[in-house]
Amino acid sequence: MMAVLEHLGLGLAVAFTLQNILFCFIGCLIGTLVGVLPGVGPVATISILLPVTLSLDPTGALIMLAGIYYGAQYGGSTTAILVNIPGEATAVVTAIDGHEMAKKGQAGLALGLAAIGSFIAGTVATVVIAALATPMTRLGLLFGPAEYFSLMIMGLVLAVVLAHGSLVKALAMIVAGVLLSCVGADMETGRERMTFDIYMLSDGIEFTVLAMGIFGFGEIFKNLADPEKRDVMRNRIGRLLPTLRELRENFGAILRGTGLGSVLGVLPGNGAILAPFASYALEKRLSDRPQDFGSGVPQAVSGPESANNAGAQTSFIPLLTLGIPPNAVMALMVGAMMIQGIVPGPQVIQNSPDLFWGLVASMWIGNLMLVVINLPLIGLWVKLLKVPYRLLFPAIVAFCCIGLFSISNDGAQVIMAGIMGLVGFALYKLQFEPAPLALGFVLGRLLEEKLRQALIISDGGMGTFVTSPLSAALLLIALGALAVAVLPSMRKSREEIFTEA
């Protein structure tokens, strides 16, 4: 325990510099803004801002990007409660009872419980990250190429199992992402693969191009094709702070949500998305009056919001300690770290302790900032919700194009991102979830690298993946998860977690 406190002390010393506090504030503010505005989101925003991080200090850049991610979780609840439009996928559950509370004149109470629950969850999650960081890093150092290959296979399988919607479509997206990562020159021989003699593909597809195209331009096309009607609530917001009695009534839901989110967020494969749905289902089953859910129950807001924020923060654990991104945002964080010359994995905590612990400590500072940013500025966020999307998207397009061109001064990158945007829009129309594609793309190159290294070490023997006990255990978990997911009874239960909410 003393070691954890010492590490957090080091992190706070790094995070409490004027520069890093400023980056944390900017990240939280931008995150809240993109969470409040439906149709923007943290994935598109971080994609757009990746080129900007080139000129920033690595610690400050990562603190800012992390702030955007968990700040968007806070902002998404504001839109869900006031407008009944989830600003974020994780805020879908919050909209159900949160908006009903707003209709009854309890919007302030719903927003207050969401903010307090998120702050408590964020504080607990920060401690969880600090406590698990060193043991997970030690575990990561035991991994050789075979173990890393098996771990990534497990992560990709869990991404398929935990994805919302069709298992087949999620699997197709993973495979497509891995194949796209193979485009360009072979890492060993230098021979071109799947370039079709197209010059702009000879160096492969940059992750920033794919991310900005699929999530940035694709989101713009989607919002222009299907404009959302924003019925901004005109009732009085009401008091923001809950009474002691209301806090006591919701404290159990907050703790349960925090526990669920902390566990599910660590799972490779976007378990953080599942956390608020699981929390809602749990609160409904534990309630004495489950029939009231859907008509404005405070526990149906505080529990899922706590799970949402805890899951968002603990999803940093596999990224920082093992170098494995569990979701699309963490895949972007891998890109941001690599841009700065930092290789994600167990070496980060040893080679860059200031960066590692500074980032962890900044999460607690960011959560405190978000309570201050969100509650007093509710009036400003309500006014922003009235800004029509047709006035927002030209600025987003311009920023995307400038960012893309600034990476390599190559107009072909902008053209490729535009093509990827059309692909992203087509995926949306065909009801394919693009997040597994980004995960497959990021892990694809690592997967190939570790596969080749493992086969070189074993002199081409495929048995190396099962002779290592750790590698064999990871592959068995992946196989078991996939086998369980395809069982008819489990497929039904899997969908019920999403539909019951």
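I started at Arg256, which is partly exposed because its relative accessibility is 35%. Worth jotting down at the top: this is a predicted model.

**Arg256 and its partner**

I looked for what the Arg256 side chain meets and found Glu283, in a salt bridge at 2.9 Å, N to O. Arg256 sits in helix 10 (residues 244-266) and Glu283 in helix 11 (residues 271-286), so this pair ties together parts that are 27 residues apart in sequence. The other end of the bridge is covered up: Glu283 comes out at 4% relative accessibility, so I put it down as buried.

**Salt bridges elsewhere**

How many salt bridges does a search of the whole structure find? The search gives 5.

Next I checked Arg193 and Glu448, whose side chains meet in a salt bridge at 2.7 Å, N to O. Arg193 belongs to strand 2 and Glu448 to helix 20 (residues 435-457), so the pair links parts that are 255 residues apart in sequence. Is Glu448 buried or exposed? I have it as buried, because its relative accessibility is 13%.

Then I went to Arg289, which forms a salt bridge with Asp292; their closest N and O atoms are 2.6 Å apart. Arg289 is partly exposed at 47% relative accessibility. Asp292 also counts as partly exposed, with a relative accessible area of 24%.

I also looked for bridges with shared partners. Arg193, Glu448 and Arg452 are joined that way into one network.

**A negative patch**

On the surface I noted a negative patch, made up of Glu192, Asp197, Asp203 and Glu206. I picked Glu206 for a closer look. Glu206 is in the loop between strand 2 (192-193) and helix 9 (207-225). Its relative accessibility is 41%, so Glu206 is partly exposed. A patch residue needs over 30% relative accessible area and no salt bridge.

**Pro325**

Last entry: where is Pro325? I found it in the loop between helix 13 (316-322) and helix 14 (328-339). Despite the loop position, Pro325 is buried, because its relative accessible area is 1%.

Which residues is Pro325 in contact with, leaving aside neighbours within four places in sequence? My list reads Met330, Ala331, Val334, Leu439, Val442 and Leu443.

I also took one distance from here. Pro325 and Val266 are 10.0 Å apart in space, C-alpha to C-alpha, with their positions 59 residues apart in sequence counted as separation.

Note on methods. Residues are numbered from 1 along each chain as its sequence is written. This is a predicted model: local features need pLDDT of at least 70, side-chain atom pairs count only at pLDDT 80 or more; totals for chains, interfaces and linings use all residues. Side-chain values use heavy atoms; hydrogens and water are left out. Patches are made of residues with over 30% relative accessible area and no salt bridge: like charges are joined within 9 Å, nonpolar side chains (Val, Leu, Ile, Met, Phe, Trp, Tyr) within 5 Å. Accessible areas come from the Shrake-Rupley method with a 1.4 Å probe; for residues, only the protein chains shown count as cover. A salt bridge is a side-chain nitrogen of Lys or Arg within 4 Å of a carboxyl oxygen of Asp or Glu. Lys and Arg count as positive and Asp and Glu as negative; His and the chain ends are not counted. The place of a charge is taken as NZ of Lys, CZ of Arg, CG of Asp or CD of Glu. Helices (H or I, at least four residues) and strands (E, at least two) are DSSP runs, numbered from the N terminus. Buried means under 20% relative accessible area, exposed over 50%, partly exposed in between (1.4 Å probe, protein chains only). Contact means heavy atoms within 4.5 Å.
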